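Here are my notes on the model you sent over. I've kept them to numbered points so you can go through them with the viewer open.

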Amino acid sequence: PVLVIARNQIPPGSALIIVCEQVRMIMKVHSFIRETVPRVCMFARESKANASVHDVLPGFSQYLYFLFCPTLLYRDNYPRTEHTRWSYVISNLLQVAGCLLYVYYIFVRFCVPIFSQTGKLPWNTRTFILSVMSCMLPSTMVFILAFFSILHSWLNAFAEMMGFADRMFYKDWWNCRSWADYYRKWNVVVHDWLHSYVYNDVQLLLPPSLMRRSRLVAMFTVFIVSAFVHEFIIAAAFGFFFPVLLLMFGGVGVSFVFLTHQRQSRIWNIFMWVMLFFGNGVLMCLYSLEFY
């Protein structure tokens with residue numbers, strides 16, 4: 001997909017959808033293989049003469065359902081609902097369409113007028129700071145709209161169509177007082193995949209000499225993997241490598257985990273929101289500057 005995007009000069013919005021779908025399919029296929037291969041290996045060790053490997057392999061219908069249901073963890077069976085509420089499906093899809101239109105308006109209204117003249121006007125530290133400040137509100141609006149449209153409306157629409165009863169796609173991340181809780185609650189779907197197939201597997205693969213620090217090594221590995229995947233998506237969609245998100249996610253984001261560890265005061269929730277506003281403003285400003 002990345003080569004096709006570069007060869008055909010696909011616009012960033014469409015390219016972003018294609019790359020995200022590529023990453024989603026890779027994560028789903030990894031989960032399917034990770035959950036089924038151990039069964040086959042165990043069957044090969046303990047198989048009886050009249051047994052067949054098809055007894056332990058999932059059916060094609062189970063795999064096909066997994067590809068479309070809103071989860072990244074493969075299971076043979078999921079909790080299911082009895083009926084499909086099509087009015088609920090249509091309502092959520094309309095919400096997605098409304099969010100996309102709103103995001104388009106934000107970019108046209110707040111980004112294009114500011115950054116389309118980049119390179120034609122003098123650029124200095126004062127101009128950069130003013131640009132970041134002007135991007136803080138629209139970028140955070142895009143951030144919240146993306147969260148609502150994808151993790152709430154889009155996933156709930158597909159869950160309803162597929163009869164998928166587990167709707168725990170996110171938790172109350174907006175109330176978090178530590179960045180560790182924020183990362184766990186912001187996107188439960190991806191967090192569960194990272195915890196199952198990166199965090200736990202790294203702890204199992206570490207040598208005995210590092211077992212005392214296994215949790216710390218596993219946590220850093222999760223951040224590194226997540227940061228590189230996020231940067232890959234941005235680079236493939238926009239057509240350039242500009243590792244701002246990589247540094248902010250893998251550097252500043254990790255430091256905030258230790259800074260806010262076991263903090264209970266409400267002031268740390270305010271700190272989280274201030275950093276989200278500022279970080280989103282920096283990301284929108286720098287990526288817009290590089291794009292134009």
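1. What is the handedness of the crossing of H7 and H8? H7 and H8 cross in a right-handed way. Keep in mind throughout that this is a predicted model.

2. On the geometry of that pair: helix H7 covers residues 188-205 and helix H8 covers residues 214-238. They pack at an angle of about 135°, and their axes are 8 Å apart. An angle over 145 degrees would count as roughly antiparallel, so H7 and H8 come out as oblique to each other.

3. Who makes the contact? On the H7 side you'll find Leu-194, Val-198, Tyr-199, Val-202 and Gln-203. H8 brings Ser-214, Arg-215, Val-217, Ala-218, Met-219, Thr-221, Val-222, Val-225 and Ser-226. By class, this H7 and H8 contact has nine nonpolar residues, four polar and one charged.

4. Next, H9 and H10. Helix H9 (residues 244-259) packs against helix H10 (residues 267-291) at about 170°, with the axes 11 Å apart. The angle is over the 145 degree cut-off, and H9 and H10 are therefore roughly antiparallel to each other.

5. For the H9 and H10 contact, H9 supplies Val-244, Leu-245, Met-248, Phe-256 and Leu-259. From H10 come Trp-268, Phe-271, Met-275, Gly-279, Val-282, Leu-283, Leu-286 and Tyr-287. Sorted by class, that gives twelve nonpolar residues, one polar and no charged.

6. If you're after pockets, have a look at the second largest one, with a volume of about 230 Å³. Its lining has 14 residues, and Thr-71, Leu-73, Phe-164, Asp-166 and Asp-192 are the ones nearest the centre. The lining of this second largest pocket splits into ten nonpolar, one polar and three charged residues.

7. Finally, the overall picture. The protein has ten helices and zero strands, so to speak an α-α-α-α-α-α-α-α-α-α run from the N terminus on. Its C-alpha trace spans about 80 × 50 × 45 Å along the principal axes.

Definitions and conventions. Residues are numbered from 1 along each chain as its sequence is written. This is a predicted model: local features need pLDDT of at least 70, side-chain atom pairs count only at pLDDT 80 or more; totals for chains, interfaces and linings use all residues. Side-chain values use heavy atoms; hydrogens and water are left out. Axes are lines fitted to C-alpha atoms, for helices over the stretch in contact, and angles run from 0 to 180 degrees between N-to-C directions. Helices (H or I, at least four residues) and strands (E, at least two) are DSSP runs, numbered from the N terminus. Angles under 35 degrees count as roughly parallel, over 145 as roughly antiparallel, 65 to 115 as roughly perpendicular and the rest as oblique. A crossing is left-handed if the near helix is turned anticlockwise from the far one by less than a right angle, and right-handed if clockwise. Contact means heavy atoms within 4.5 Å. Ala, Val, Leu, Ile, Met, Phe, Trp, Tyr, Cys and Pro count as nonpolar, Asp, Glu, Lys and Arg as charged, and the others, Gly among them, as polar. On a 1 Å grid over the protein atoms alone, a cavity is a set of points where a 1.4 Å probe fits but cannot get out, and a pocket is an open set with protein on both sides within 12 Å along at least five of seven lines; lining residues have an atom within 4 Å of a point. Grid points are joined across faces, edges and corners, and a volume is the space filled by probe spheres set on the points.
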